[in-house]
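Let's take a walk through this protein, one feature at a time. Keep the sequence and the 3D view side by side as you read.

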Amino acid sequence: MKRFASPIVYGGLDGIITTFAVVAGSVGGDISNVVIIILGFSNLLADGFSMAAGAYLSATAGKTKRAAFEDGVATFLSFNVFGLIPLSAYLIVNAVIHSPTVAFPISFLIVGVALALLGMVKAELTNKSKRAEIGLTLLVGYVAASVAYGIGALLNYLL
């Protein structure tokens, strides 16, 4: 498992952060929950493929093609599994509660838990400070989401 630690952490962090940024930007732009789910899944699969291809292509520079392929697959799976986390609140809320305002706060909270856990795993794998890695991971994730939200709100206002 340690062999795949880097592509799993990398793919997982990027999956959560980019998918949550799409969600946050959509919320900032005042887009409906159904459209957020559509955009989220479109991003999840397309960006997951792009990340996997990038992992494969960069790994072929220093590894055998088989090892590079395995890194690409690990990145793709991790990206998509962790990227589902921000969307899960929307799927559940859309299916059960039908409230357009409840999904984002729930997504915000579960994303925070997931980012903290990935930061902790990263700290464990790199023998770094858990507090620092968790804090940095949360900071990066929430700053990216804040930027996306702000851009969505600004464009919604301007357009």
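Start with helix 1, residues 5-28: at 1.5 Å a residue, its 24 residues should span 34 Å, and the end C-alpha atoms are indeed 34 Å apart, so the two values agree. (The expected span is 1.5 Å times one less than the number of residues; helices are DSSP runs of H or I with at least four residues, numbered from the N terminus.) This is a predicted model, where local features need pLDDT of at least 70 and side-chain atom pairs count only at pLDDT 80 or more, while totals for chains, interfaces and linings use all residues. Residues are numbered from 1 along each chain as its sequence is written, and side-chain values use heavy atoms, with hydrogens and water left out.

Helix 1 is mostly covered, with 17 of its 24 residues buried. Here, buried means under 20% relative accessible area, exposed means over 50%, and partly exposed is in between (1.4 Å probe, protein chains only).

What does helix 1 give to the largest nonpolar core? It gives 7 residues, the most of any element. A core like this is a set of buried Ala, Val, Leu, Ile, Met, Phe, Trp, Tyr and Cys residues joined through side-chain atoms within 4.5 Å. This one has 22 residues, and among those touching the most other members are L13, I16 and F20.

F20 also shows up in an aromatic pair. Its ring centre is 6.4 Å from that of Y142 and the planes are at 70°, so the pair is edge-to-face. (Rings of Phe, Tyr and Trp, using its six-membered ring, pair if their centres lie within 6.5 Å; planes under 30 degrees apart are stacked, over 60 edge-to-face, and the rest tilted.) Because F20 lies in helix 1 and Y142 in helix 5, the pair ties together parts that are 122 residues apart in sequence. Both F20 and Y142 are buried.

Now for the charged side chains. A salt bridge is a side-chain nitrogen of Lys or Arg within 4 Å of a carboxyl oxygen of Asp or Glu, and the count comes to 5. Here are some of them:

| Pair | N to O distance |
|---|---|
| E70 and R66 | 3.3 Å |
| K122 and E133 | 2.8 Å |
| E124 and K130 | 3.2 Å |

E70 and R66 both lie in helix 3, 4 residues apart, about one turn of the helix. At 64% relative accessibility, R66 counts as exposed, whereas E133 is buried at 8%.

Notes. Helix = DSSP H or I, 4+ residues; strand = E, 2+ residues; numbered from the N terminus.
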